[in-house]
Structure formats: C-alpha cells, structure tokens
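I opened my notebook to look up salt bridges and one helix. Here is what I wrote down along the way.

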Amino acid sequence: MEQPKNVTEQVRTMGALLRLPFEVLLDQVYSQLRTSGFEDIRPAHGNVFRYISAAGSRLTELADAAQITKQSINYLVEYLRDRGYVEMIPDPTDGRAKLINLTEQGQKVQQMAIQISRQVEAEWAAHLGQRKISQLRRLLEELSDILIVREDN
C-alpha cells in the first residue's frame, strides 16, 4: 500500500522534488556500504564524511556545516573514532583545539560512498538518457554556484 503523500509532495514543491532523489541516493549508498562490510555506518555519519576537510576539521566546523549541535556532531565523531574511522589530533594552530581527520578506513568509506553515488547517477542516466542527466547536473551545479556566492555575501 502506497503511503499518502504529504502536502509538499502533493504540490510538488522544489524541496520535495529534490528530496526524493536525494533520499533514494542515500538509501542506495548506505545499503551498499552495509553489504560491503561497513555495517556500522549509518546515514547520520554522513554529517562527518560529507563535511570533513582533507586537512582535518574542528568539531565546531563540522557542526556548523552539518547544521547540528556540537553535542550531536561530537556523538557522531566519538562513535566513528571508537570504530577506527576518524582520529583526533591537536590542532597545530591552537593547542586547545583538536582536528578530526579520516583514518585510512574512514577514507575507504568516503571514497566508496562517492563511487556508489556515481553508480546511482549512471543508473539514472540509463533511465533519463545521458543528455538529460548531464543537463540536470549542469543546472544543479549552476544553482549551487549561485547559492554559494549568495551565502558568502
């Protein structure tokens, strides 16, 4: 039985139109991560894997980027640290702060998630056609660029 649509799905707001593909993508990424041996990685951990800088990130930077509380991101980081996906090292620019870095295992998860995401995009291209998926990608990139510039002002 199909679930009744919420109001945003009924009127097909932009948020609803963007959300469904994103949720399908997330579901495929995390289910494939699970079947690849990363059973302890959940969608919430994407807040770390998605926003962490290659040079390391402070807890507050991750919390701000993910738009969640420091307590929430700390819980996620501790969980991932306990399982060997991230490490915390002293911040060389501020002895009081710590930098969170991906371990080799964490980098494997991050790279696999990117690879799965590309596979999903290829599956969508098989349904829509390469021209349309390329156009969709270009439009989303253009919109993202506009929104980033706006955010910086």
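**Salt bridges, then a helix**

I began with arginine 96, which counts as exposed because its relative accessibility is 75%, and exposed means over 50%. I kept in mind that this is a predicted model.

Next I asked what arginine 96 pairs with, and at what N to O distance. Arginine 96 forms a salt bridge with aspartate 94, and the closest N and O atoms are 3.2 Å apart. I then checked whether aspartate 94 is buried or exposed. Aspartate 94 is buried, since its relative accessible area is 16% and the cut-off for buried is under 20%.

Aspartate 94 has another entry in my notes: its side chain meets that of arginine 58 in a salt bridge, at 3.9 Å from N to O. This pair links distant parts of the chain, 36 residues apart. Arginine 58 sits in the loop between helix H3 (46–49) and helix H4 (59–66), while aspartate 94 belongs to strand E2 (residues 94–102). I noted arginine 58 as partly exposed, because its relative accessibility is 25%.

My next stop was arginine 137, whose salt bridge is with glutamate 121; there the closest N and O atoms are 2.7 Å apart. Why does this pair tie together parts of the chain? Arginine 137 lies in helix H7 (residues 130–152) and glutamate 121 in helix H6 (residues 104–128), so the bridge ties together parts 16 residues apart in sequence. Arginine 137 is partly exposed, with a relative accessible area of 39%. Glutamate 121 also counts as partly exposed, at 24% relative accessibility.

Then I looked for salt bridges that share partners: they join Arg58, Asp91, Asp94 and Arg96 into one network. For the full tally, I got six salt bridges.

Since glutamate 121 had brought me to H6, I stayed there for a length check. At 1.5 Å a residue, the 25 residues of H6 should span 36 Å, and the end C-alpha atoms are 36 Å apart, so the two agree.

Which residues of H6 are buried? I listed Gly106, Val109, Gln110, Ile116, Val120 and Ala125. A reminder to myself for reading that list: an α-helix has 3.6 residues a turn, so residues three or four places apart point the same way. I also looked up what covers the buried residues of H6, and found helix H2 (14–35), H3, E2 and H7 among the elements that do.

My last entry is on glycine 129, just after H6: this glycine takes a positive phi of about 100°.

Terms used:
Residues numbered from 1 in each chain as written. Predicted model: local features only at pLDDT ≥ 70, side-chain atom pairs only at ≥ 80, totals over all residues. Heavy atoms only, no water. Salt bridge = Lys/Arg side-chain N within 4 Å of Asp/Glu carboxyl O. Helix = DSSP H or I, 4+ residues; strand = E, 2+ residues; numbered from the N terminus. Buried < 20%, exposed > 50% of the residue type's maximum accessible area, 1.4 Å probe, protein only. Expected span 1.5 Å × (residues − 1). Contact = heavy atoms within 4.5 Å.
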